[in-house]
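User: Please take a close look at one helix and the sheet beside it. I would like the geometry, the burial and the neighbours, with cut-offs stated.

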Amino acid sequence: MAVATVKKLFRDYTGESVDEATEFPSSGSSRRYYRLKSRHFGLIGVWGNSPEENRAFKYISVHFKEQGLPVPEVYASSADGLAYLQEDLGDTLLFDVMAEGRNTGEWSEEICALLKKTIRLLPAVQYRGAEGMDFGKCYPLPVFNRRSVLWDLNYFKYCFLKAAVPDFQENLLEEDFERFADILLQNPTDTFMYRDFQSRNVMVRNGEPWLIDFQGGRKGPVYYDVASFLWQARAKFPPAVREMLLKEYLDGLCRYTVVDEADFRKRLRYFVLFRLLQVLGAYGFRGYFEKKPHFLQSVPAAMTNLREWLASGFDKCPYLASVLSRLVESDRYKAAPPKDCLEVSVYSFAYPKGIPEDASGNGGGFVFDCRAIHNPGKYEQYKALTGLDKPVIRFLEEDGEITVFLSHVYALVDASVERYLKRGFTSLTVAFGCTGGQHRSVYSAQHLAEHLYGKYGVRVRLVHRERHIETIYQ
């Protein structure tokens with residue numbers, strides 16, 4: 001239904017039929033994105049089951065365009081409001097550009113320059129974006145208020161905390177939630193709050209940042225977006241880079257308002273905690289309830305940020321602080337092993353986009369070619385799925401070729417892991433390639449990562465490169 005709807009909208013708008021429709025990997029939401037191409041046109045088709053949310057995106061996009069902000073243009077919408085066409089900004093996410101810094105700890109001048117451009121764009125979004133905006137058209141709420149604060153705090157409580165620390169006193173926690181809401185809602189402003197301003201929602205085109213996925217924006221305080229960007233768990237900004245970017249933001253903010261830096265930093269701390277709890281709630285919901293394990297595997301990075309935050313204390317809400325301290329001290333969320341322990345990096349990739357570079361600099365490891373295995377991608381019912389989806393898993397396992405293939409892979413890699421452990425080596429890379437980096441390579445990389453972690457307990461970094469998914473087993 002979704003792809004048929006966006007194809008029809010494309011045909012009605014351009015006058016040409018779609019020659020090629022490629023669905024993007026699904027993320028946390030139910031929205032579906034397609035790259036649509038015909039002889040003369042290339043657009044992004046979007047389908048979402050909330051017409052109100054879609055209308056909010058269209059309104060904000062048009063308004064931001066009028067304010068000179070870099071966002072995709074929306075060209076056409078379906079009569080029922082479930083689908084629309086927008087400008088194609090390309091394939092490069094800021095998150096992907098940052099991969100070298102995340103993986104090596106070396107943040108080049110080029111990456112830092114792009115990050116500075118991005119963070120300096122934020123004050124313009126918050127202030128210029130708010131000028132003349134009808135916040136009544138925002139979705140699901142027009143303003144960041146007590147209701148939205150308590151929604152997110154209870155999202156964290158019910159979707160994450162209850163599964164991790166089940167024996168807390170709920171009445172005491174709720175009292176601290178009310179106090180926390182009071183702190184967050186002090187000194188309201190008329191600025192635009194993006195709500196999910198982070199590196200996966202920034203595209204890079206011709207070296208410049210472009211903004212996407214702002215449909216949840218509303219009137220709200222500027223601190224939330226700063227916390228969202230700088231404390232994004234998977235970004236893995238080291239303290240020096242985070243501080244550099246915060247100073248860059250504050251310098252840009254001075255163009256729009258008088259800034260008391262000490263007060264700003266004090267208030268920012270509370271929004272950092274709030275954003276961390278909101279993200280953990282999302283990870284819990286997607287992982288525990290929607291059974292998407294890669295969200296739960298993202299928890300350790302968020303937990304590291306929370307552990308660092310708690311180290312400086314939180315006396316305003318003592319019971320909440322005590323519960324969070326128990327949370328980060330849980331064996332389930334233990335800290336990463338010492339750096340002299342073995343880490344195995346496992347990749348899935350598409351051969352046309354090249355073999356992944358060895359971030360360790362050792363130049364060793366294995367590259368396995370999965371293209372001889374029966375390909376689910378040849379069949380229409382599997383084209384939009386990946387090797388993480390049950391129908392594809394069932395296809396591959398019932399076919400049996402991949403099971404035999406992996407038995408040989410396990411024997412080779414296990415032997416190396418055992419020797420590396422004995423000799424004190426610290427890194428090994430294993431990569432699986434196929435045509436699109438979507439089905440066979442993803443299945444193989446996922447299963448090897450789980451096999452190595454389960455058998456040896458080593459730290460495993462799993463990267464599905466073309467799916468933009470990175471997971472740490474530790």
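Analyst: What follows describes helix H15, then the sheet next to it, then some other elements for context.

This is a predicted model, in which local features need pLDDT of at least 70 and side-chain atom pairs count only at pLDDT 80 or more, while totals for chains, interfaces and linings use all residues. Residues are numbered from 1 along each chain as its sequence is written, and side-chain values use heavy atoms, with hydrogens and water left out.

Helices (H or I, at least four residues) and strands (E, at least two) are DSSP runs, numbered from the N terminus. Helix H15 covers residues 401–423, 23 residues in total. The expected span of a helix is 1.5 Å times one less than its number of residues. For H15 that gives 33 Å, and the end C-alpha atoms are 34 Å apart, which agrees. After H15 comes glycine 424, with a positive phi near 75°.

Burial is set by relative accessible area: buried is under 20%, exposed over 50%, and partly exposed in between, with a 1.4 Å probe and protein chains only. The buried residues of H15 are Ile402, Phe405, Leu406, Val409, Val413, Asp414, Ser416, Val417 and Tyr420. An α-helix has 3.6 residues a turn, so residues three or four places apart point the same way. The cover over the buried residues of H15 includes strands S10 (343–350), S11 (366–369) and S12 (427–434), together with helices H14 (390–399) and H16 (440–456). Contact here means heavy atoms within 4.5 Å.

The sheet is open and has five strands in the order S11-S12-S10-S13-S14, with mixed pairing. Two strands pair if DSSP finds at least two bridges between them. S11 and S14 (469–473) are at the edges with a single partner strand each, so one side of each is left without a neighbour in the sheet. From one strand to the next the twist averages 15°. S10 and S12 run parallel and are joined by eight bridges; valine 346 has valine 430 in S12 as its bridge partner.

Axes are lines fitted to C-alpha atoms, for helices over the stretch in contact, and angles run from 0 to 180 degrees between N-to-C directions. H15 lies across S10, S11 and S12, and runs at about 165° to S12. H16 lies across S10, S12, S13 (459–464) and S14, at about 170° to S13.

Other elements give some context. Helix H12 (residues 299–310) has twelve residues and reaches 16 Å between its first and last C-alpha, close to the 16 Å expected. Nine of its twelve residues are buried, so H12 is largely enclosed by the rest of the structure; Met303, Leu306 and Trp309 are among them.

Helices H8 (residues 223–230) and H9 (residues 239–253) pack at about 150° with their axes 11 Å apart. Angles under 35 degrees count as roughly parallel, over 145 as roughly antiparallel, 65 to 115 as roughly perpendicular and the rest as oblique; H8 and H9 are therefore roughly antiparallel. Val226, Phe229 and Leu230 of H8 make the contact with Arg242, Leu245, Leu246 and Tyr249 of H9.

Strand S3 (residues 42–47) is mostly covered, with five of its six residues buried. S3 runs antiparallel to S2 (residues 32–37), with six bridges between them, and a hairpin of four residues joins S2 to S3.
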